[in-house]
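Ready for some practice in reading a protein structure? Keep the viewer open, try each task yourself, and then compare your steps with the worked solution.

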Amino acid sequence: MEKNEKALYAELDAYIDAMPTKQGALISVLHKAQDIFGYLPKEVQTHVADKLDVPASKVYGVLTFYSFFTMTQKGKNRVNVCMGTACFVRGADKILERFERDLNMKANTTSEDKLWSLDALRCIGACGLAPIITVNGKSHGRLVEDDVPGIIASCLEEKEGA
Amino acid sequence: MVNIKINNLAVQVEAGTTILEAARNVGITIPTLCYMKMESAGCDNAPGSCRVCMVEQEGRANLIPACVTVVWEGMAIHTNTPRAIKTRRTVVELFLSNHPKDCLVCERNKNCELQTLAAELNIRENKYDGKMAKHEKDSSSMSLIRDPEKCVLCRRCETMCNDVQTVGVYSAINRSLETTVSTAFNAPVADSTCTFCGQCVSVCPTGALTQANHTADVWAALADPDKTVIVQAAPAIRVALGEEFGMASGARVTGKMVAGLRRLGFNHVYDTNFAADLTVIEEANELLERINNGGRLPMLTSCCPAWVKFIEHQFPTLLDVPSTCKSPHEMLGAIAKTYLAQKLGVDPKKMVVVSIMPCLAKKYESSREELGQGVDYVLTTRELASMFREAGLNFHALPDESFDPIMGESSGAADIFGTTGGVIEATARTVVHTLTGKNPANVEFTQLRGTDNIREATVKAGDTELKIGIANGLGSARKMLENIRDGKSTYHAIEIMACPGGCVAGGGQPYHGNDQSVIKERAASLYAIDGEKNLRVAHENTEVKALYAEFLDKPGSHKAHDLLHTSYVKRAKV
């Protein structure tokens, strides 16, 4: 991130400057910022506060209210396991446990080597495909526990291929 | 007009009135917790979130919150049915289930809105047992303590800090049981842009925001036979302290206060008013120098440490506009440890200076490095009252005593320092004298008085017309500063006080619940004290004259600059 940090801030500023009004823009700006930076560290929050002329406390307040926003840098591979009711009754907890075991990490954390982030989410709105997970933005539905090793392997392959 | 019935009583109110206001108009009490009228700010804190003010409406299944429901024609409200009472009690019982049960040792014991509600709603058991929120206490600052476990999420502090003061330190963070009101990044308040004006403390209904208590330090100093402990009291204390002992708002208790301070064991009791007169002379001198030498105008008063910290954070490019004068109690501290120590034959290192202030920011101010160690401890009006109670003093029975000489004399100009407009009126009296060679025919510049948050007026001094601005409340100060920054300000001098209403409504004063009538009474008493004095102008204070003759030489002298003036530092905006 360091090498093109300036470019990332420029992209965010361009987005904010193009908004018709800064009033009530905070949430969309935070979405965009997280999109650009991957997470919302202090510096980005302060920057947003300054740009939108709102107190930093308010930015931080909004960010800590919505679980979608994160202040910690996520891993290269992001695994989100839906723990909504439908997924849960169809065994999402087993899927999550399998990821925890195979990746040797706890849910809602990022691995030390920053390769993996494993998060349990509330309903993502695809109950027909329960249990469902998203891996790097792509969804995998109607999973069974034994699908997990294959998903992990394909992530690692893609990474090597890249 | 709208016709409604409250408890079968026909009531006519203006359209747009809430049920709560309509009921209060006819003497019917509906309990509230989060609601607070903030007249001084032109806004109310009414998030409608606590549900303590629930009432029944005929023909409606659910109860409705009285503080945010506007009346409509034909509405029939019942505030005291068994169902409404039970609902309100349950709401408070639920609050109590997530509130520490340490009332006996709480700073707000006997002065807590939640405690009062529990008593008034006849709650006699802790009915609900549940998970309690766990939050760290924040004792990082010299001025105030945050104990979020006692927070009831009324949002009054947020409204005050964000909407009235425009400082923006507080926001609700997290969600569910973890919700709390905190600073950006949940940082200690000492590391935030907080000005320590203390208005959040004065509106907090519980012990979630309280003053940092320094009474134990002062008791320790008083117990040390090696120390000469001197005390000074600000003008706003003498018209508010009595309220702590059940007296009327604005009761004038100067003499009893002095007597009480002596009985606590202070070796000498001095008047911050003496130093207010000194401030007037230095500030008037600085203003005239700036006017005559093409210096930076407008000059802004610098008595208020909260406002000083505000400009340092929010307008760091404008640090040449405030007067360089220290605040009066810091001037007194500096003079005490030099001139007074010499006169009394006391080693300044063994002298302890205690200031009784209406203010929480003065506590933080005493730790500012640029000011040296003039003042050692700052106590608020409330802390002083608690020391009087600890010592078993019968306040009502105390005789009237006078301040000690050397730093005990003061003019009426000093008394009015405690209210909005007072500092600049006091300064104007002396500026007129300097420019015309005589005192103004009428020293009362009533055009400078009033309660509006932003005011302006002109004072004539011979051929010179002084254009003066006044702002109280930091939101109003911000507007003044934006004008100065944008080159639109045409004033010679501007007085700024951080608290709406001035020091009489300071964060260290007896809790006034934002009741403007209380604040007006206190201000009226200060003007009355001024009006009754023979000495009305600072430059005729004989003790201040002696100080210049024997020690400081003249206003703005090298020595005066060393001891009575200060500097400001740029601070981060976030």
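The exercises below go through a predicted model, starting with chain A and then moving to chain B.

**Exercise 1. Describe chain A as a whole.**

Task: Find how many helices and strands chain A has, and in what pattern they follow each other.

Solution:
- Step 1. Count the elements: chain A has 7 helices and 5 strands.
- Step 2. Walk along the sequence, and you should meet them in the pattern α-α-α-α-β-α-α-β-β-β-β-α.
- Step 3. Look at the dimensions: a box of roughly 50 × 35 × 25 Å along the principal axes holds the C-alpha atoms of chain A.
- Step 4. Turn to burial: of the 162 residues in chain A, 23% are buried.

**Exercise 2. Put the strands of chain A in order.**

Task: Work out in what order the strands of chain A lie in the sheet, and which strands stand at the edges.

Solution:
- Step 1. Trace the sheet from side to side: the 5 strands lie in the order β2-β3-β1-β4-β5, in an open sheet with mixed pairing.
- Step 2. Find the edges: β2 (109–110) and β5 (138–140) of chain A each have a single partner strand, so one side of each has no neighbour in the sheet.
- Step 3. Zoom in on one pair: β1(A), residues 77–82, and β3(A), residues 116–121, run parallel and share 6 bridges. Within this pair, A:Asn77 sits opposite A:Trp116.
- Step 4. Add a helix: α6(A), residues 92–103, lies across β1, β3 and β4 (133–135) of chain A, at about 155° to β1(A).

**Exercise 3. Follow β12 of chain B and its surroundings.**

Task: Decide whether the two faces of β12(B) are covered or uncovered, and name the strands that β12(B) is joined to.

Solution:
- Step 1. Recall the rule for strands: in a regular strand, side chains alternate between the two faces of the sheet.
- Step 2. Sort the residues by face: B:Thr228, B:Ile230 and B:Gln232 are on one side, with B:Val229, B:Val231 and B:Ala233 on the other. They are all buried, and both faces are covered.
- Step 3. Look for partners: β12(B) runs parallel to β15(B), residues 351–357, with 6 bridges between them. Here B:Ala233 has B:Ile356 as its bridge partner.
- Step 4. Look for another partner: β12(B) is also joined to β13(B) by 4 bridges, again in parallel. B:Gln232 is matched with B:Tyr270 there.
- Step 5. Find a helix that packs here: the buried residues of α7(B) pack against β12 (228–233), β13 (268–271) and α12 (381–390) of chain B. Those buried residues are B:Thr254, B:Lys256, B:Met257, B:Val258, B:Gly260 and B:Leu261.
- Step 6. Check the residue just after α7(B): B:Gly265 has a positive phi of about 110°.

**Exercise 4. Describe a pair of packed helices.**

Task: Say how α9(B) and α15(B) pack, and which residues meet.

Solution:
- Step 1. Choose the descriptors: two packed helices are described by the angle and the distance between their axes.
- Step 2. Apply them: α9(B), residues 305–314, and α15(B), residues 474–485, pack at about 50°, with axes 11 Å apart. The two helices are therefore oblique to each other, and the crossing is right-handed.
- Step 3. List the contact: B:Trp307, B:Phe310, B:Ile311 and B:Gln314 of α9(B) meet B:Leu474, B:Ala477, B:Arg478 and B:Leu481 of α15(B).
- Step 4. Sort these residues by type: 6 are nonpolar, 1 is polar and 1 is charged.

**Exercise 5. Judge the burial of a loop residue.**

Task: Is B:Val375 buried or exposed?

Solution:
- Step 1. Locate the residue: B:Val375 is in the loop between α11 (361–365) and β16 (377–380) of chain B.
- Step 2. Apply the cut-off: a residue is buried if 20 or more other C-beta atoms lie within 10 Å of its own. B:Val375 counts as buried because it has 27 C-beta neighbours inside 10 Å.
- Step 3. Name some of the surroundings: leaving out residues up to four places away in sequence, B:Val375 touches residues including B:His329, B:Val353 and B:Ser366.

How values were computed
Residues numbered from 1 in each chain as written. Chains lettered and ligands numbered in written order. Predicted model: local features only at pLDDT ≥ 70, side-chain atom pairs only at ≥ 80, totals over all residues. Buried ≥ 20, exposed ≤ 12 C-beta atoms within 10 Å, placed from the backbone. Contact = placed C-beta atoms within 7 Å. Pairing = 2+ DSSP bridges. Axes fitted to C-alpha atoms, helices over the stretch in contact; angles between N-to-C directions. Parallel < 35°, antiparallel > 145°, perpendicular 65-115°, else oblique. Left-handed = near helix turned anticlockwise from the far one by under 90°. Nonpolar A, V, L, I, M, F, W, Y, C, P; charged D, E, K, R; others polar.
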